[in-house]
Amino acid sequence: MRKILYFYARECPPCKFYKKQFIEPLEQLAGKEKIQHINAKDYPFIAEQYSVERLPTLILLEGSQVVLRRSGAIDIEELLDYLQKE
């Protein structure tokens with residue numbers, strides 16, 4: 001199954017912007033079940049497991065394999081295509 005891990009922190013202003021501009025529209029198009037929100041401050045061991053160094057960060061998974069890692073602006077259409085290729 002293809003999915004996205006979205007790493008963020010509640011007190012992070014760029015994370016709030018990122019969620020509103022990218023994550024929420026993507027959830028509406030692809031479905032909330034395709035995107036897992038992970039607070040890197042609450043779950044540092046998971047962030048470390050995926051080598052997350054900056055927030056916000058997206059990790060695209062196919063099964064348990066990391067396919068793509070993104071920090072910063074994303075192309076919603078590109079991610080939507082990725083999620084729908086199953």
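Gly31, just after helix α1, takes a positive phi of about 105°. The model is predicted, so local features need pLDDT of at least 70 and side-chain atom pairs count only at pLDDT 80 or more, while totals for chains, interfaces and linings use all residues. Residues are numbered from 1 along each chain as its sequence is written, and side-chain values use heavy atoms, with hydrogens and water left out.

Helices (H or I, at least four residues) and strands (E, at least two) are DSSP runs, numbered from the N terminus. Helix α1 has 18 residues and reaches 25 Å from its first C-alpha to its last, close to the 26 Å expected at 1.5 Å a residue; the expected span is 1.5 Å times one less than the number of residues. At Lys19, α1 bends by about 45°, the bend being the angle between axes fitted to the seven residues ending there and the seven starting there.

Helix α1 (residues 13-30) packs with helix α3 (residues 76-84) at an angle of about 35°, their axes 10 Å apart. Axes are lines fitted to C-alpha atoms, for helices over the stretch in contact, and angles run from 0 to 180 degrees between N-to-C directions. From α1, the residues Gln21, Phe22, Pro25, Leu26, Leu29 and Ala30 meet Ile76, Leu79, Leu80, Leu83 and Gln84 of α3, where contact means heavy atoms within 4.5 Å. The residues of this contact divide into 9 nonpolar, 2 polar and no charged. Ala, Val, Leu, Ile, Met, Phe, Trp, Tyr, Cys and Pro count as nonpolar, Asp, Glu, Lys and Arg as charged, and the others, Gly among them, as polar.

The buried residues of α1 are Cys15, Tyr18, Phe22, Ile23, Leu26, Glu27 and Ala30. Buried means under 20% relative accessible area, exposed over 50%, and partly exposed in between (1.4 Å probe, protein chains only). The cover over these buried residues includes β1 (2-8), β2, β3 (57-62) and α3.

Two further residues are set out below.

| Residue | Place | Relative accessibility | Contacts beyond four places in sequence |
|---|---|---|---|
| Asn39 | strand β2 (residues 35-39) | 4%, buried | Tyr8, Ala9 and Arg10 |
| Lys41 | loop between β2 and α2 (44-49) | 54%, exposed | Tyr8, Ala9 and Glu11 |

The C-alpha atoms of Lys41 and Tyr8 are separated by 8.0 Å, and the two residues are 33 residues apart along the chain.
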